[in-house]
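I set out to record what I looked up in this model, entry by entry. The entries go from the whole chain to single residues.

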Amino acid sequence: MILYTMMPQELIFQQSYQQEQSQPKLINHNGIPVVVEENEQKQQQIVRILSTNPQDYLNENYYPGQILS
């Protein structure tokens, strides 16, 4: 079956897509609020930094894609 649509496939195939992805969580790591997801090895990976302090974005220890210990 071929679908010609402008809708993203996450909306069309919602159930199978949601089962594969882990839900993001908001945590506070060393005083910096970050959104993390668990990867296949059960490690937490930073998705987004949610801080109002500009210095937190310049911190080399926190960037999207980094694995937290």
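The notes below begin with the overall fold and end with separate residues.

**Entry 1: the chain as a whole**

I note at the outset that I am working from a predicted model. I listed the secondary structure and found three helices and four strands in the protein chain. Read from the N terminus, I have the order of elements as α-α-β-β-β-α-β. I then looked up the radius of gyration, which is 16 Å for the protein chain; the globule rule gives 11 Å for 69 residues, so the chain is more spread out than a compact globule. I also took the span of the C-alpha trace along its principal axes, which is about 50 × 25 × 15 Å.

**Entry 2: burial, contacts and surface**

I asked what percentage of the 69 residues in the protein chain is buried. The share of buried residues is 17%. Among contacts with a separation of 6 or more, I found that 18% join residues 24 or more positions apart. For the accessible surface of the protein chain I recorded about 5,900 Å², and carbon and sulfur atoms hold 50% of that area.

**Entry 3: the nonpolar core**

Which residues make up the largest nonpolar core? I listed seven: Ile32, Val34, Val36, Ile46, Ile49, Tyr62 and Leu68. I checked which strands feed this core, and β2 and β3 each give at least two residues. The largest share, three residues, is supplied by β2.

I followed one core member, Val36, further. Setting aside residues up to four places away in sequence, I found Val36 touching Gln23, Pro24, Lys25 and Ile27, then Gln44, Gln45, Ile46 and Val47, and also Leu68.

**Entry 4: a nonpolar patch on the surface**

I turned from the core to the surface. There I found a nonpolar patch formed by Met1, Leu3, Met7, Leu11, Ile12 and Phe13, with a joint accessible area of about 660 Å². From this patch I looked up Leu11, which belongs to helix α1, residues 9-12. I classed Leu11 as partly exposed because its relative accessible area is 46%.

**Entry 5: Gln45 and Gln66**

I placed Gln45 in strand β3. Its relative accessible area is 29%, so I entered Gln45 as partly exposed. Beyond neighbours within four places in sequence, I found Gln45 in contact with Val35, Val36, Glu37 and Asn39, and with Gly65, Gln66 and Ile67. I also took a C-alpha to C-alpha distance from Gln45 to Met6: the two are 30 Å apart in space and 39 residues apart in sequence.

Gln66 is one of the contacts of Gln45, and I looked it up next. I located Gln66 in the loop between α3 (54-58) and β4 (67-68). Is Gln66 buried or exposed? I noted Gln66 as buried, because its relative accessible area of 16% falls under the 20% limit. With neighbours within four places in sequence left aside, Gln66 is in contact with Gln44, Gln45, Ile46 and Asn61.

**Entry 6: two residues with positive phi**

I searched for residues other than glycine with a positive phi and noted two cases. In the first, Asn30 has a phi of about 55 degrees. I found Asn30 in the loop between β1 (25-29) and β2 (32-38). Asn30 has a relative accessibility of 64%, which means that it counts as exposed.

In the second case, Lys42 has a phi of about 60 degrees. I placed Lys42 in the loop between β2 and β3 (44-49). Lys42 is also exposed, its relative accessible area being 65%.

**Entry 7: Pro54**

I closed with Pro54, which lies in helix α3. The relative accessibility of Pro54 is 55%, so I entered this residue as exposed. I took the C-alpha to C-alpha distance from Pro54 to Ser22 as 28 Å, for a sequence separation of 32 residues.

Technical notes: Residues are numbered from 1 along each chain as its sequence is written. This is a predicted model: local features need pLDDT of at least 70, side-chain atom pairs count only at pLDDT 80 or more; totals for chains, interfaces and linings use all residues. Side-chain values use heavy atoms; hydrogens and water are left out. Buried means under 20% relative accessible area, exposed over 50%, partly exposed in between (1.4 Å probe, protein chains only). The radius of gyration is taken over C-alpha atoms; the globule rule is 2.2 Å times the number of residues to the power 0.38. Contact means heavy atoms within 4.5 Å. Accessible areas come from the Shrake-Rupley method with a 1.4 Å probe; for residues, only the protein chains shown count as cover. A nonpolar core is a set of buried Ala, Val, Leu, Ile, Met, Phe, Trp, Tyr and Cys residues joined through side-chain atoms within 4.5 Å. Patches are made of residues with over 30% relative accessible area and no salt bridge: like charges are joined within 9 Å, nonpolar side chains (Val, Leu, Ile, Met, Phe, Trp, Tyr) within 5 Å. A salt bridge is a side-chain nitrogen of Lys or Arg within 4 Å of a carboxyl oxygen of Asp or Glu.
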